[in-house]
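Student: Hi, I have this one open on my screen. Could you walk me through it?

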Amino acid sequence: MIKIIIAGFNGSMGQKAVKLVNDTKDFQLVAVYSPVVTDLQPASYDLADEVQVFNDLTNIKTDADVWIDFSTPKAVFENTKFALGHQIRPVVGTSGLSDQQVEDLKAYAKDQHMAGLIVPNFGISAVLLMKFAKEAAQYFPEAEIIEMHHADKIDAPSGTALSTAKQISEAREPQAADNAKFEETLPGARGGNYKGIRIHSVRLPGYVAHEQVLFGSEGEALTIRQDSFTRDSFMKGVEVAVKNVGKLSELVVGLENVLS
Ligand SMILES: NC(=O)C1=CN([C@@H]2O[C@H](COP(=O)(O)OP(=O)(O)OC[C@H]3O[C@@H](n4cnc5c(N)ncnc54)[C@H](OP(=O)(O)O)[C@@H]3O)[C@@H](O)[C@H]2O)C=CC1
Ligand SMILES: O=C(O)C1=N[C@H](C(=O)O)C[C@H](O)C1
C-alpha cells in the first residue's frame, strides 16, 4: 500500500488527485494539506473520516510515503522542501519553480538522501511534445512557444512552456541576440524571453491546457502542438508517477523518468 498526502487537495487538480487516490487499489489517502481550509466537511471534499486534515505546514505529522503537490507557485518550493526533509517522496505537479529553486531542491534532496519527481506536465501529449521539440531544436534552432490556458491560471508562462524552452535551449546551438533594430511599440508584444526563446501566454475561457512550438528556418517551418482537453487527462500520469517515485534515487524533473 502506498500512503499518500495531497497538498492543495481543495483545488481543481487536488480534488482530481483525491478521487484518483480513493479509486486506485494500493493507494491510501492518509492526509491532506491546505493552509486556507480550516473548517471543512470532509465528505464535501471526498475525504474519508480517517484522513488527517492539516492547515499548517509545520504541524504536519504523517506516515505518508508520497507527497502529491498541486498547490500554488508561491507555496510549492517550501512544500517540496518540507516533504524531502520529512522523508516523504514528492510528486510535484505545481508550476512556478524557477531553475534555481529546482537546483536548490535537488541539492537538498541529495543532502537528505531522498528522491522525488517534479513533473511540469502529466499529460503524455505534452511529454511527447517536449521530446519532439528537443529533437527538432537540433535542426531548427529558432523557436517560439505559444501556450494557451484557462482564465483561472494564476501564473505565466506555464511550467510546461518554461520546461520546453529549457530543453530547446539545451539542445540547440547558441543563437545570436535579437536584431539590434528591434523595438516593441506595445510593451510585451514579443512575449517573455527565456534564454532567447520567446514565450507567449494566452488565457481564455474555454481552454484547458495547450501548447504550440513554432520552429522557423529558411523557407520552411515546423509546428508541434499538444492539447489537454480535460484535467482528467493528467491523472494517468499522476498514477504512474506515484507508483514509480519509490524506484528513483534522486530528485528528477519530467514524467519521462518513470515511463517505461
Ligand atoms: N503538472 C501538471 O500536469 C499540471 C499542473 N498543474 C498545476 O497545479 C497547480 C494547481 O493547479 P489548480 O488545481 O488548477 O489550481 P487551484 O487554484 O484550483 O488549486 C490550488 C490549491 O492550493 C491551495 N493552496 C494555497 N496555498 C497553499 C499552500 N501553501 N499549500 C498547499 N495548498 C495551498 C489553494 O487554496 P485556495 O484556493 O483556498 O487558496 C487551492 O485550493 C498549478 O500550479 C498548475 O499549474 C495543473 C494541471 C496539470
Ligand atoms: O494550470 C494548469 O492548468 C496547468 N499547469 C501546468 C503548467 O503550468 O504547465 C501543466 C498544464 O499546462 C496545466
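Student: How many residues of domain 1 are in contact with domain 2?

Tutor: 4 residues of domain 1 are in contact with 4 residues of domain 2, where contact means C-beta atoms, placed from the backbone, within 7 Å. By class, the side of domain 1 that touches domain 2 has 1 nonpolar, 3 polar and no charged residues. Here Ala, Val, Leu, Ile, Met, Phe, Trp, Tyr, Cys and Pro count as nonpolar, Asp, Glu, Lys and Arg as charged, and the others, Gly among them, as polar.

Student: Where do the two domains run, and how far apart are their centres?

Tutor: Domain 1 covers 2-114 and domain 2 covers 124-229, with bounds from an automatic or database domain assignment. Their C-alpha centres lie 29 Å apart.

Student: Anything I should know about the model itself?

Tutor: This is a predicted model, in which local features need pLDDT of at least 70 and side-chain atom pairs count only at pLDDT 80 or more, while totals for chains, interfaces and linings use all residues. Residues are numbered from 1 along each chain as its sequence is written, and chains are lettered from A and ligands numbered from 1 in the order in which they are written.

Student: OK, ligands. What surrounds ligand 2?

Tutor: Its shell is Ser95, Pro120, Asn121, His149, Lys153, Ser158, Gly159, Thr160 and Ala209. A residue is near a molecule if its C-beta atom, placed from the backbone, lies within 6 Å of it. By class, the shell around ligand 2 has 2 nonpolar, 6 polar and 1 charged.

Student: And which residues come nearest to ligand 1?

Tutor: Gly8, Gly11, Met13, Val36 and Ala75, out of 27 residues around ligand 1. That shell divides into 12 nonpolar, 15 polar and no charged. Helix H1 (residues 12-23) gives the largest share, 3 residues. Helices (H or I, at least four residues) and strands (E, at least two) are DSSP runs, numbered from the N terminus.

Student: Back to ligand 2. Which residues does UniProt list as "binding site"?

Tutor: The unreviewed UniProt entry lists His150, Gly159 and Thr160. UniProt positions are in the numbering used here, feature names are shortened, and annotations may be inferred rather than shown by experiment.

Student: Is Gly159 buried or exposed?

Tutor: Gly159 is buried, because 21 other C-beta atoms lie within 10 Å. The cut-offs are 20 or more other C-beta atoms within 10 Å for buried, 12 or fewer for exposed, and partly exposed in between, with C-beta atoms placed from the backbone. Gly159 sits in helix H5. Leaving aside neighbours within four places in sequence, Gly159 is in contact with Ser95, Gly96 and Pro120.

Student: What about Thr160, buried or exposed?

Tutor: Thr160 is buried, with 25 other C-beta atoms within 10 Å, and its place is also in helix H5. Beyond neighbours within four places in sequence, Thr160 contacts Pro120, Asn121, Ala126, Glu147 and Glu211.

Student: What covers the buried residues of H5?

Tutor: The cover includes helix H4 (124-137), strand S7 (143-149), S8, strand S9 (197-203) and strand S10 (209-217). The buried residues in H5 are Gly159, Thr160, Ala161, Leu162, Ser163, Thr164, Ala165 and Ile168. H5 has 13 residues and reaches 18 Å from its first C-alpha to its last, close to the 18 Å expected; the expected span is 1.5 Å times one less than the number of residues.

Student: What follows H5? I was looking at Ala176.

Tutor: Ala176 is in the loop between helix H5 (159-171) and strand S8 (192-194). Ala176 counts as exposed because 7 other C-beta atoms lie within 10 Å.

Student: Any odd backbone spots?

Tutor: The peptide bond from Ala156 to Pro157 is cis, with omega near 0°, and Pro157 lies in the loop between S7 and H5. Gln87 has a positive phi of about 60° although it is not a glycine. Gln87 is in the loop between helix H2 (76-85) and strand S5 (89-92) and is exposed, with 12 other C-beta atoms within 10 Å.

Student: And His113, where is that?

Tutor: His113 is in the loop between helix H3 (99-111) and strand S6 (116-118). His113 has a positive phi of about 50°, again without being a glycine, and is exposed, with 10 other C-beta atoms within 10 Å.

Definitions and conventions:
Contact = placed C-beta atoms within 7 Å.
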